[in-house]
Amino acid sequence: MFISLSRARIPWPLLVLVALWGVTVAQDYDVPGALNPGALKDPLSPPPEIEMCNGIFLSYTFEGREKEYPFVKNVTAQTWAFKATAAIVNAGTQELKSWKMFVGFQHDELLVAAEGAVVVSGEGFPIRVGKNGTVLAGYPQADLKTAIETASDYGQMQVQVTLKGTQFGVAEKATPMPKSLNLVNEGYKCPAATIKGGYMHTCCIKDPKFKDKKPKKKYTPRTYDDLHFTYDVLRAYENKYQAQVTIDNIHPLGRLDQWNLTWEWMRNEFIYDMRGAFTHRKDPSECIYGPQGQYYKDFDFSTVMNCQKKPVISDLPPQLENDEKVGKLPYCCKDGLLLPITMNKTKARAIFQMEVFKLPPDLNRTAINPPQNWKITGRLNPNYKCGPPIRVDPSEFPDPLGIESIGSAIASWQINCNMSRPKPKQNRCCVSYSAFYADGAIPCNTCACGCEDESPRCDKNAAALPVPPSSLLVPFANRTAKAVAFAKINHKKLPMKLPCPDNCGVSINWHVDSDYKTGWTARMTVFNWEEDAFIDWYSAIEMRRAFPGFEKSYSFNGTVMREVNNTIFMQGLPGLNYLVGEVNGTHPGKDLPVPGKQQSVLSFSKKHIHGLKIARGDGFPTKLYFNGEECALPKVLPKAAAAGLTPATAVSALLLAVVISLLLF
């Protein structure tokens, strides 16, 4: 049984109101007042607090919780299943489009369901929300009209969201509540929420200082984040429609290789056919034995492209670009390559089309629900966090015959995604440091790219051991002996358990090559430890104090980026933009594997930059990217030998430069 909230002294009419909120029917975006999941069906009187609100009223009601298995004596380790209701009501004078509500969870909650909304993170349930809270967005009812334009029709004015999840470490008699409630939509100010027992509420009002310069339209104005999708309905029928998905890469450093796109159908839709892309799985059984087969009883599902609730979609290879059946679309068929718009505008966009079948109760030309929970990933690329689909004005297209006529989509939605910074030990590339004055090289951080499959024999949290610069040329598994020998030579004590490897497919060595009165030089070497090559690779280096002095890159095409502050953009010269993968040595039984590599010297001037300290950090990047992914930087800098540059170190550094040069040329 759920714990009673009588001690919270919540008025019983409010609890009845919360319990009755909600109904599930199909979305019909052209029918005013159509009800949706999360909308009031037969509302009672609104809570009294809303009478004092001239804006957007937010509330959170904790309904109860019960212990989950396993039962433990330690209170902080006990888990609880909880239920709650979050509500949002438009009590103002302006329609609220594409509402987003922040709930500041703080009890290590794990959210497993949210009926009446979607979680903006774009990840499927369950979702960890207890540390930073979460943002809920309206689905399928994204817009909230006013009482003035609906004659107080609460079905169009408000949404309630039923939340279910798990909480950790809460005392048995406590009432765990979020620490805050906020409206994420810009232009609103929300005071601290009032909390009383298991009920909290706040009223968000328009910020008088906020000026919305965008013209008012029927739908939400388009916005352009790092990467965005456009979901256009080109043709609509009673039980199906044709959609076009456009992917645009806007960020000057963003990139995707061999992209995989996934989403979640919310109304049992299925993909009948596709052009310009393909799904990874083609199994009609999920349709035959599902609700699709129950409705379309005489349908031949053997020709259906995909019946999954969460399909995985990829781009077609270039050889199918002109195929009559699956190709013949602009911007398609690049094998999943999306370059930054600063490199190639044509390769910064991808397009595919599909035919989607619907089920009751959506058998209506205007009852179209775009998929939710969009997520796109690449081979070695940035992580993108995507928001929910937002209804925008229909996209416009030039006439295919070339005449001066403009056509438009029947309906359009936009999904915006932003690059997120990798969490510790979740990078996909790493950086090592070395210098002409140093006692050794600083290798990539331990477990920089993860250590899930590592043996317990190595230490996942130990700092990486300094190594001779020449050891950076060999795979990590073959560096141990060199690291141990180097430590003994330098009288360094070795730990009982040696550090685990970095496990990165790409590593970059940044070597400070010289430092003189009027300038300094660095040498950058890119290593590819994976089997597959990188086409049109690039790197970006952020240098804070030393950036204005950048002069030239000798073997890379190095340019100063105007779009990103203090950043140098590096890519292969024409004919050298192909970073090969790791290959076996000349004698595989004896020789070690050889990584793909490219190298260039960079020169910098010290003119007009006073007090530049190269060895103290000014000569090393503050951020370094490879193919859009931010690489893990070492936590320490190379240190000069106690008595200056030793002959052994000088020979080792010179040997590294000579060996790499010979391998490259």
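Helices and strands here are DSSP runs, with at least four residues for a helix and at least two for a strand, numbered from the N terminus. On that count, the predicted model comes out with eight helices and 37 strands in its chain. Of the 665 residues, 51% are buried. Sequence-distant pairings also feature: take the contacts between residues at least 6 apart in sequence, and 71% of them join residues at least 24 apart. The chain exposes about 32300 Å², and 53% of that comes from carbon and sulfur atoms.

On to the charges. Side chains of opposite charge can pair when their charged atoms come close. The structure holds 18 salt bridges, and a few of them are worth walking through.

Start with Glu-264 and Lys-309, whose closest N and O atoms sit 3.8 Å apart. This salt bridge links distant parts of the chain, 45 residues apart: Glu-264 belongs to strand β15 (residues 260-264), while Lys-309 is in the loop between α5 (291-295) and β18 (312-315). Glu-264 counts as buried because its relative accessibility is 13%, under the 20% cut-off. Lys-309, on the other hand, has a relative accessible area of 44%, so it is partly exposed.

Next up is the salt bridge between Asp-362 and Arg-267, with 3.1 Å between the closest N and O atoms. Asp-362 is in the loop between β19 (349-357) and β20 (372-377), and Arg-267 is in the loop between β15 and β16 (270-275), so this pair ties together parts 95 residues apart in sequence. Both Asp-362 and Arg-267 are buried.

Then there is Lys-606, which meets Asp-515 in a salt bridge at 2.5 Å, N to O. Here the parts tied together are 91 residues apart in sequence, because Lys-606 lies in the loop between β35 (596-605) and α7 (614-618) and Asp-515 in strand β27 (residues 506-515). With a relative accessibility of 17%, Lys-606 counts as buried, whereas Asp-515 is partly exposed at 36% relative accessible area. Elsewhere, Glu-95, Lys-97 and Lys-145 are joined into one network by salt bridges that share partners.

Some charge gathers at the surface too. Lys-425, Lys-460, Lys-497 and Lys-635 form a positive patch there. One of these, Lys-425, is found in the loop between β25 (411-420) and β26 (429-435). The relative accessible area of Lys-425 is 34%, so this lysine is partly exposed, and patch residues need over 30% relative accessible area and no salt bridge.

Definitions and conventions: Residues numbered from 1 in each chain as written. Predicted model: local features only at pLDDT ≥ 70, side-chain atom pairs only at ≥ 80, totals over all residues. Heavy atoms only, no water. Buried < 20%, exposed > 50% of the residue type's maximum accessible area, 1.4 Å probe, protein only. Contact = heavy atoms within 4.5 Å. Areas by Shrake-Rupley, 256 points an atom, 1.4 Å probe, with all protein chains shown as cover. Patch = residues over 30% accessible without salt bridge, like charges linked within 9 Å, V, L, I, M, F, W, Y side chains within 5 Å. Salt bridge = Lys/Arg side-chain N within 4 Å of Asp/Glu carboxyl O. Lys, Arg positive; Asp, Glu negative; His and termini not counted. Charge placed at Lys NZ, Arg CZ, Asp CG, Glu CD.
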